[in-house]
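Thank you all for making the time this morning. I would like to walk through one model with you, beginning with its strands and helices and ending with its aromatic rings.

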Amino acid sequence: MYFRKLNIKVLFLIFCWIAVSVESEIGLIVVVDNSSQTQQVDRTGYRWLGVELSIEQMNAGNHLTVIDLSQPGEPLIDEVLDGGFRQKISLKERLKKHQHNLSTTTIELSSALRSIINQRTSTGPKSIIILTQHATTVNLSTGDVNVEVITIKSEQDKIAVLTQMAQIINQIQGFEVAIVQSISLENFGTSSFLIHDPRIVELQIQYFFSTNQIDMPELELRDSQNQFVYHYAESKNFKLFTVPRPVLGDWEVMFRNVDKVTQLVSTKTERFVLVT
């Protein structure tokens with residue numbers, strides 16, 4: 001009897017697999033270069049749209065810091081997000097107010113960034129996203145901090161900046177980018193994509209668009225069972241969806257009043273841990 005119970009216990013320990021989705025605390029620092037060179041390249045301020053996207057895309061409980069390199073000691077934002085609309089609106093209004101009073105203090109970029117890394121990454125794991133025209137000259141290799149650079153280029157459109165920003169944040173949050181594509185709007189403004197992996201526990205579907213039309217862009221997403229999917233954030237430049245345990249099959253999206261659009265689909269799958 002004892003031998004039988006022992007065998008059962010051993011088999012349980014060997015073959016007991018549990019699906020877990022572990023999301024550690026995430027801290028993101030967004031650094032914006034407002035040097036005269038970067039402002040000349042990005043006169044329309046697309047880099048600030050990337051900052052706005054980070055406010056919408058980061059989850060409740062995440063810590064978001066936004067730093068203007070012209071004033072590195074005075075963060076524009078340094079808060080734990082609560083996920084509420086009131087906080088998001090307040091933070092975006094703070095950004096817009098700052099954009100009207102930009103400073104162009106000359107700094108040594110690499111030195112300023114290293115100072116930020118040393119001062120603001122000692123309390124826990126952090127990721128840093130830098131929006132700058134000088135990205136190719138910056139070397140910030142470190143084993144403790146994940147540093148990503150979005151290079152602001154002359155005549156670059158806002159869709160490119162937003163798509164890069166979203167991809168990086170998705171990866172920071174543990175998603176794998178599955179689809180990045182520009183969508184042709186010739187077929188009556190509709191497009192579709194296939195969800196086929198049953199291991200997906202969460203799906204991020206993000207659209208970034210531009211339009212010269214007067215009317216506000218419209219976008220409607222339906223799953224393979226023709227159920228309407230609700231967005232969690234939108235603006236005149238993007239619309240964001242997150243779907244837990246998505247149904248498998250062909251999903252369809254319909255566009256109106258949009259001239260150009262990029263689709264980003266990212267997935268988070270089950271991770272199995274052997275219990276011993």
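**Strands, helices and rings**

Let me start with a single pair of residues, histidine 63, whose bridge partner in β4 is valine 80. That bridge belongs to the pairing of strand β3, residues 63-68, with β4, which is antiparallel and extends over four bridges. Before going further I should say that this is a predicted model, with a mean pLDDT of 81 for the protein chain and with 77% of its residues reaching 70 or more. Some caution is due over residues 1-24, where pLDDT stays under 50 and for which the model has 25 contacts beyond four places in sequence.

Stepping back to the sheet, we find five strands in an open arrangement, ordered β4-β3-β2-β5-β6, with mixed pairing. The edges are taken by β4, residues 77-80, and β6, residues 146-151, and because each of these has a single partner strand, one side of each is left without a neighbour in the sheet. From one strand to the next, the twist averages 10 degrees.

Which strands does helix α3 touch as it packs on the sheet? Helix α3, residues 46-57, touches β2 (27-32), β3, β4 and β5 (127-132), and its direction makes about 165 degrees with that of β2. Helix α4, residues 85-99, also packs on the sheet, touching β3 and β4, and its direction makes about 175 degrees with that of β4.

A residue I would like to single out is isoleucine 169, which is found in helix α6, residues 158-172. Is isoleucine 169 buried or exposed? Its relative accessibility is 0%, and it therefore counts as buried. If we leave aside neighbours within four places in sequence, isoleucine 169 is in contact with Leu28, Ser54, Gln57, Met58 and Ile129. As for the last of these, isoleucine 129 and isoleucine 169 are 40 residues apart in sequence, while their C-alpha atoms are 8.9 Å apart in space.

Let me now move along the chain to strand β10, residues 218-222, which runs antiparallel to β14, residues 249-256, and is joined to it by five bridges. One of the residues involved is glutamate 218, whose bridge partner in β14 is arginine 256. Strand β10 is also joined, by two bridges and again in the antiparallel sense, to β11, residues 228-229, where valine 229 is the bridge partner of leucine 221. The hairpin of β10 and β11 has five residues between the strands, and in it asparagine 226 takes a positive phi near 65 degrees.

That brings me to the aromatic rings, for which a search of the whole structure finds four pairs. In one of them, the rings of tyrosine 207 and phenylalanine 241 have centres 6.3 Å apart and planes at 85 degrees, so the pair is edge-to-face. Because tyrosine 207 lies in strand β9, residues 200-210, and phenylalanine 241 in strand β13, residues 238-244, the pair ties together parts that are 34 residues apart in sequence. Both tyrosine 207 and phenylalanine 241 are buried, and ring pairs link Tyr207, Phe241 and Phe255 into a cluster.

To finish with the chain as a whole, it has six helices and 16 strands, and 45% of its 276 residues count as buried. Among contacts with a separation of 6 or more, 74% are between residues 24 or more positions apart. The chain exposes about 15,100 Å², of which carbon and sulfur atoms supply 50%.

Definitions and conventions:
Residues numbered from 1 in each chain as written. Predicted model: local features only at pLDDT ≥ 70, side-chain atom pairs only at ≥ 80, totals over all residues. Heavy atoms only, no water. Pairing = 2+ DSSP bridges. Phe/Tyr/Trp six-rings, centres within 6.5 Å; stacked < 30°, edge-to-face > 60°. Buried < 20%, exposed > 50% of the residue type's maximum accessible area, 1.4 Å probe, protein only. Contact = heavy atoms within 4.5 Å. Areas by Shrake-Rupley, 256 points an atom, 1.4 Å probe, with all protein chains shown as cover. pLDDT = per-residue confidence, 0-100. Axes fitted to C-alpha atoms, helices over the stretch in contact; angles between N-to-C directions.
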